[in-house]
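I opened my notebook today with a new structure to explore. Come and look over my shoulder while I jot down what I find.

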Amino acid sequence: MDLNQSYRSSRSEGGMSTGGIVDATSPPTMPHQWERNTRTLVDSARKAQSLATQQRIMSFGTQRTTDETMLNDNRSSSTALRRQIAESEALKNKAEQQLEEILRETSLLEDEAAHAEATHEKMKDPLNVAEENLAIRRKRPPREMTRDAVERSLNEQAAGAKHSIRMLGGVLDACEKELARLKICREKLEEDIDQKRIALEVDNEALQMESGWAGGSATQRPGSVALPHMWRQRTENLCEECERSRATCERLRAKSRAIQQEAIAVERETREAALRSLSRKMDETERLKAELESSVSNVSSEIATMEEARASVEQSMNDKHGPLALARSRLSVRTSKPGAEVRERVCVRERE
């Protein structure tokens, strides 16, 4: 700007002086004036050259500064991109590892749910057997309908089977809920991994770019951009939620195994107790039956003996009918005999 102004001023002064020389109508120039005009032009040229040198040095400095700034900015952006890519890779790997754990836990929980369902169906057989045994024992004669140890054992077997079925049903419901939660976690992880993969592809493409696009400033930014800590925290919160779900599933699997073992043990113990009670009841019934049969035999033999005794008594009675008639006849004959003393003695003997 200063160089142009000085050049225009020197041109105007030179034009005025040369115009006087070239113009034939103007008077001739004096030697000292001509020398002064020449020195003025030389000074103007030196000033213009000095200004041009300053402008050239300034432009070179600006060029070096902008080049260094561009290199630093490019280096900073490349470093930031590499750092972002590394962090995205770490989060993506963490999410993928968490997804593998979720898939493994889902498989284990499905297997455990299948085992619990099989045990749940298996527990129905002891319950049906116990209820059928109770129904059969209700057909006993009224005098044999007692609340004995067998009935208590069968009731305990039925109650244990019902309790096991109820507990296993609760486990199956819990497994279904946890499987639904694992499915939600899996879908969220897959979505986050897919977004991380796309972001990594975009960042790698941006890092490998060596020249800009024509009109690249017209790119449109998304409406909502998450802050770095929020972007990182979202994946970490998702991983923490998945870890909590996996821990809950592990506890549920351990509880399911414990309930199944307890159900099998209770079924075995109640079945063995019912069998022992039935065996004791059968032995006791057999003993009582033998005692009753022995008593019946004794009573029968006693009845036979009494029948024989009654027959003997009846025979004896029949044998005494003749002497009784004879004694009565004699008594009736001797009542007409005089003599009270003889009559009394004979009468007494006849009566006897």
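**Entry 1: two cysteines**

I started with C242, which is buried, with a relative accessible area of 0%. A reminder to myself: this is a predicted model, and what I note here is computed from it.

Next I asked which cysteine sulfur is closest to the sulfur of C242. I found it in C185, at 4.0 Å. That is too far for a bond, because a disulfide needs the two sulfur atoms within 2.5 Å. I looked from the other side too, and for C185 the closest cysteine sulfur is the one in C242. I also looked up the accessibility of C185: at 2% it counts as buried, because the cut-off for buried is under 20%. Then I searched the whole structure for disulfides and came back with 0.

**Entry 2: the overall plan**

How many helices and strands does the protein have? I counted 6 helices and 0 strands. Reading from the N terminus, I wrote the order down as α-α-α-α-α-α.

I then looked at burial over the protein, and buried residues make up 22% of its 352 residues. I was curious about contacts that reach along the chain as well. Taking contacts between residues at least 6 apart in sequence, I found that 83% join residues at least 24 apart.

**Entry 3: the largest nonpolar core**

I went back to C242 here, since it turned up again: C242 is among the residues with the most contacts inside the largest nonpolar core. I noted I102, L109, C175 and L189 beside it in that group, and the core has 25 residues. Which elements give two or more residues to this core? My list reads helix 2 (31-122), helix 3 (124-137), helix 4 and helix 5 (228-334). Helix 4 gives the most, with 10 residues. A general point from class came to mind: in soluble globular proteins, nonpolar side chains tend to be buried together.

I picked L109 for a further look. Leaving aside its neighbours within four places in sequence, L109 is in contact with C175, E178, L179, L182, C249, L252 and R253.

**Entry 4: where helix 2 meets helix 3**

I looked up how the axes of helix 2 and helix 3 pass each other, and they come within 4 Å and cross at roughly 10°. This makes the two helices roughly parallel, because angles under 35 degrees count that way. I wrote down who makes the contact: H120, E121 and K122 from helix 2, with K124, D125 and P126 from helix 3. Sorted by class, the contact has 1 nonpolar, 1 polar and 4 charged residues.

I stayed with D125 of helix 3. Is it buried, exposed or partly exposed? At 49% relative accessibility, D125 counts as partly exposed. I also checked its distance to A161: the two are 36 residues apart in sequence and 8.8 Å apart in space, C-alpha to C-alpha.

**Entry 5: two residues of helix 4**

I moved on to Q157, which lies in helix 4 (residues 149-208). Q157 is buried, with a relative accessible area of 5%. Not counting residues up to four places away in sequence, Q157 touches P126, A130, T270, R271 and A274.

G160 is in helix 4 too, and I found G160 buried, with a relative accessible area of 15%. T270 came up again here: the C-alpha atoms of G160 and T270 are separated by 7.6 Å, though the two residues are 110 apart along the chain.

**Entry 6: a loop residue and a far pair**

Where is D148 found? I located D148 in the loop between helix 3 and helix 4. I noted D148 as buried, at 10% relative accessibility. Setting aside residues up to four places away in sequence, D148 touches R137, R140 and K281.

My last stop was L81, which has its place in helix 2. Beyond residues up to four places away in sequence, L81 touches D203, A206 and L207. I looked up the spacing for one of these: L81 and A206 are 125 residues apart in sequence and 8.1 Å apart in space, C-alpha to C-alpha.

Notes: Residues are numbered from 1 along each chain as its sequence is written. This is a predicted model: local features need pLDDT of at least 70, side-chain atom pairs count only at pLDDT 80 or more; totals for chains, interfaces and linings use all residues. Side-chain values use heavy atoms; hydrogens and water are left out. Buried means under 20% relative accessible area, exposed over 50%, partly exposed in between (1.4 Å probe, protein chains only). Contact means heavy atoms within 4.5 Å. A nonpolar core is a set of buried Ala, Val, Leu, Ile, Met, Phe, Trp, Tyr and Cys residues joined through side-chain atoms within 4.5 Å. Axes are lines fitted to C-alpha atoms, for helices over the stretch in contact, and angles run from 0 to 180 degrees between N-to-C directions. Angles under 35 degrees count as roughly parallel, over 145 as roughly antiparallel, 65 to 115 as roughly perpendicular and the rest as oblique. Ala, Val, Leu, Ile, Met, Phe, Trp, Tyr, Cys and Pro count as nonpolar, Asp, Glu, Lys and Arg as charged, and the others, Gly among them, as polar.
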